[in-house]
Amino acid sequence: MFMREEAGQAGAGRVVPVVLARQQAVDRLLALDMRGELTTGHVRLVADAVEVSLRTVWRWLAAARTEGRTGTRQRERFTVTPQLHARLVLWCGNAAAVHRELLAEARADGDAGEQDDEGAPSPVAVPSLATLHRAIRRDLNPGQRAALAGGERARRAHDVHLRRPQRLLGRRPQARPRRGRPQR
């Protein structure tokens, strides 16, 4: 979602991402508001430029005034913590085994009768297996994921340190020497 350069250019597409345009526009509108110069015309101009409704821009301004944010709200999501990473290492990257372990712990904690401040049983949130997989894909790079399953040698296969493409060195890749009896 980008802003269009000119209305006359057909298919030109957007130039500035809406998120960036929102942040810049809300900052400027707040500055006008602080000076007491903000009008509906200013808000309408931003709404037309960013291609959103007038009401949306007023909501952005309200969020900036009350919550102090000019951008979008950050979503809370499940992430791989150091403790979860340690479990993944123990299970060699097996997310299903880690998930089973988390479920077993949650059941054991539920049976132990843990309670929150109000005396009600506290629910222990265990992510679904799909959420766990998604967090691992998002938070760990391919080398880290390979290291979980195959160790350091597998991680190094994803490392680019001290590697040069053969074509840049002006050499052709050489075949590995064969071991065993020489052929005649």
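C92 sits in the loop that joins α4 to α5, the latter covering residues 95–112, and its phi is near 55°, a positive value in a residue other than glycine. This is a feature of a predicted model, and the same holds for everything described below. A second residue of this kind is E51, whose phi, near 60°, is likewise positive although the residue is not a glycine. E51 is placed in the loop between α2 and α3, where α3 takes in residues 54–67, and it comes just after the end of α2. With a relative accessibility of 37%, E51 counts as partly exposed, since that value falls between the 20% under which a residue is buried and the 50% over which it is exposed. A positive phi, near 80°, is also found at G36, the residue that follows α1.

These loops belong to a chain of 184 residues, of which 21% are buried. The chain contains eight helices and two strands, and the order from the N terminus is β-β-α-α-α-α-α-α-α-α, so that both strands precede the helices. Among the contacts whose partners have a separation of 6 or more, 43% join residues 24 or more positions apart. The accessible surface of the chain is about 14,500 Å², and carbon and sulfur atoms contribute 51% of that area.

Helix α1 is a good place to begin a closer reading. It runs over residues 18–35, and its 18 residues, at 1.5 Å a residue, should span 26 Å, which agrees with the 26 Å that separates its end C-alpha atoms. The buried residues of α1 are V18, A21, R22, A25, V26, L29 and L32. Viewed down the helix axis, these buried residues of α1 fall within an arc of 120°, and they therefore line one face of the helix. On the face of α1 turned away from that buried side are the exposed residues R28, M34 and R35.

What does α1 pack against? One partner is α2, a helix made of residues 40–50, whose axis lies 11 Å from that of α1 at an angle of about 175°. The two helices α1 and α2 are therefore roughly antiparallel, because an angle over 145 degrees is counted in that class. On the α1 side the contact is formed by V18, A21, A25, L29 and L32, and on the α2 side by H42, V43, V46 and V50.

Another partner of α1 is α3, and here the axes are 10 Å apart and meet at an angle of about 70°. The pair α1 and α3 is therefore roughly perpendicular, as the angle lies in the range from 65 to 115 degrees. In this contact R22, V26, L29, L30 and D33 of α1 meet V57, W60, L61, A64 and R65 of α3. L29 of α1 thus takes part in the contact with α2 as well as in the contact with α3.

Helix α2 has a buried side of its own, formed by V43, V46, A47 and V50. Seen along the axis of α2, these buried residues occupy an arc of 100°, so they line one face of the helix, while L45 and D48 are exposed on the other side of α2. Within α2, A47 deserves a separate look, for at 4% relative accessibility it counts as buried. Leaving out residues up to four places away in sequence, A47 touches V52, S53, L54 and V57. A47 and R22 are 25 residues apart in sequence, and their C-alpha atoms are 9.6 Å apart in space.

Further along the chain, R87 is found in α4, the helix of residues 82–90. Is R87 buried or exposed? Its relative accessible area is 18%, and R87 is therefore buried, the cut-off being 20%. Apart from neighbours within four places in sequence, R87 is in contact with V98, E101, L102 and E105.

A comparable reading can be made for α6, which comprises residues 129–139 and in which L132, A135 and I136 are buried. Down the axis of α6, its buried residues fall within an arc of 100°, so they too line one face of the helix.

Technical notes
Residues numbered from 1 in each chain as written. Predicted model: local features only at pLDDT ≥ 70, side-chain atom pairs only at ≥ 80, totals over all residues. Heavy atoms only, no water. Helix = DSSP H or I, 4+ residues; strand = E, 2+ residues; numbered from the N terminus. Buried < 20%, exposed > 50% of the residue type's maximum accessible area, 1.4 Å probe, protein only. Contact = heavy atoms within 4.5 Å. Areas by Shrake-Rupley, 256 points an atom, 1.4 Å probe, with all protein chains shown as cover. Expected span 1.5 Å × (residues − 1). Arc of directions from axis to C-beta. Axes fitted to C-alpha atoms, helices over the stretch in contact; angles between N-to-C directions. Parallel < 35°, antiparallel > 145°, perpendicular 65-115°, else oblique.
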